[in-house]
Amino acid sequence: MVKGDGTQRESQTMKIAHREIGPDHPPLVIAEIGINHGGSLEVAREMVRLAAASGCECVKHQTHFLDDEMTDEAKAIFPPNADVSIWHVMERCALSPEAEVDLKAYTESLGLIYISTPFSRKAADFLDEIGVPAFKIGSGEADNLPLIRHIARFGKPVILSTGMQTIDSVRASVKILDDAGIDYALLECTNLYPSPPEIVSLRGVTELKSAFPKAVVGFSDHSIGPEMALASVALGASILERHYTDSRYRQGPDIINSMDPSELRHLVDRSREIWIAANNPKSRTPAEEPVYRFARASVVADRDLPAGHVIAETDIWARRPGSGEIAGYDFDKVVGKRLTRAVTRNTQLKWSDLG
């Protein structure tokens, strides 16, 4: 959190629009529409509508201005998850500026937070102009220092994915965010689509928390299924980001590791439950008291014993229910005491029975 003078962070919290984010709040689930709409505003709007119906609070888009994002060499580069060049993928899937303005307005009309990843200086300027409350920086730009510096100058919160980076290699980017005095989050991420568990690093969540104590830490998930993202919550992830689509029957390079609306609802609900449980202290809760009364043991005579008998360890035992006056955890306090009355086997002993 930024102090009043805007230059010093105080804790692992941040705020995007109306949403407080950090360890003291339920995880923020970000549904990344990205380019899954295939360039169709109608499809993108339907994805947002279904995300809102699934209980999602935030959707993320990707903003592409190809003339400022790539050079012609990109036309010969084929991503592992696409059958055309990266240039042609983005050319086909990018929304026009007018369409993105419409999508942002529609998203916010449903009460959701709209953010996007700018892949160029021009895209960052555009997003600032249309009033996004925060910026997402993808793993591919995690070490693009001039772009990060440009985005940081807007003074808005930044969520930075750290895929393909090490703790040391991301330090320069984090320093830019620190020097700008803005709130920021760092997301552990593995950039293979999809990411098998053999290369996913849940430990990266705890390593980021340790290395960058000022940062809110989260998890950007490219695996199949919700398990990795949910597990990250137990390790302290405050933001969960996953690719999202209205239907996995769509074509697109990110569809294979995208969740659908039902899986989005599952992620929202289960992540909140895990967050609650992860923050509950070790204690006997009021709800457990009725169980404890019958489940614990009481000290009883293990055989018939006469009045005046000095109790040995072999004379007593602890048996259910726990309705007796002397609990099993006080067993050793009974040994060596003298009985004030005769008792029969399985009699629950009382303190008044002991002299």
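**Why these labels? Burial, salt bridges and a helix**

Modeller: D353 is buried, with a relative accessible area of 3%. This is a predicted model, where local features need pLDDT of at least 70, side-chain atom pairs count only at pLDDT 80 or more, and totals for chains, interfaces and linings use all residues. Residues are numbered from 1 along each chain as its sequence is written, and side-chain values use heavy atoms, with hydrogens and water left out.

Colleague: Why is D353 called buried?

Modeller: Buried means under 20% relative accessible area, exposed means over 50%, and partly exposed lies in between (1.4 Å probe, protein chains only). D353 has 3%, so D353 is buried.

Colleague: Why is R341 called partly exposed?

Modeller: Its relative accessible area is 33%. That value falls between the two cut-offs, so R341 is partly exposed.

Colleague: What makes D353 and R341 a salt bridge?

Modeller: The term needs a side-chain nitrogen of Lys or Arg within 4 Å of a carboxyl oxygen of Asp or Glu. Here the N to O distance is 2.5 Å. The pair qualifies. Both residues sit in the segment after α12 (331-334), 12 residues apart. Helices (H or I, at least four residues) and strands (E, at least two) are DSSP runs, numbered from the N terminus.

Colleague: What makes R248 and D260 a salt bridge?

Modeller: Their distance is 3.7 Å, N to O. That is within 4 Å, so the pair counts because the definition asks for no more than that distance between such atoms.

Colleague: Why do R248 and D260 get different burial labels?

Modeller: R248 has 39% relative accessibility, so R248 counts as partly exposed. D260 has 17%, so D260 is buried.

Colleague: How many salt bridges does the whole structure hold?

Modeller: The search finds 24. One of them joins E32 and K60 at 3.1 Å, N to O. E32 is in strand β3 and K60 in strand β4, 28 residues apart. Both E32 and K60 are buried.

Colleague: Now the helix. How do you know that the buried residues of α1 line one face?

Modeller: They are V43, A44, M47, V48 and A51. Seen down the axis, they fall within an arc of 140°, so they line one face of the helix. The arc is that of the directions from the helix axis to the C-beta atoms. On the other side, E42 and A53 are exposed.

Colleague: What do the buried residues of α1 pack against?

Modeller: They pack against β3 (28-34), β4 (58-63), α4 (97-109) and α10 (261-278).

Note on methods
Contact means heavy atoms within 4.5 Å.
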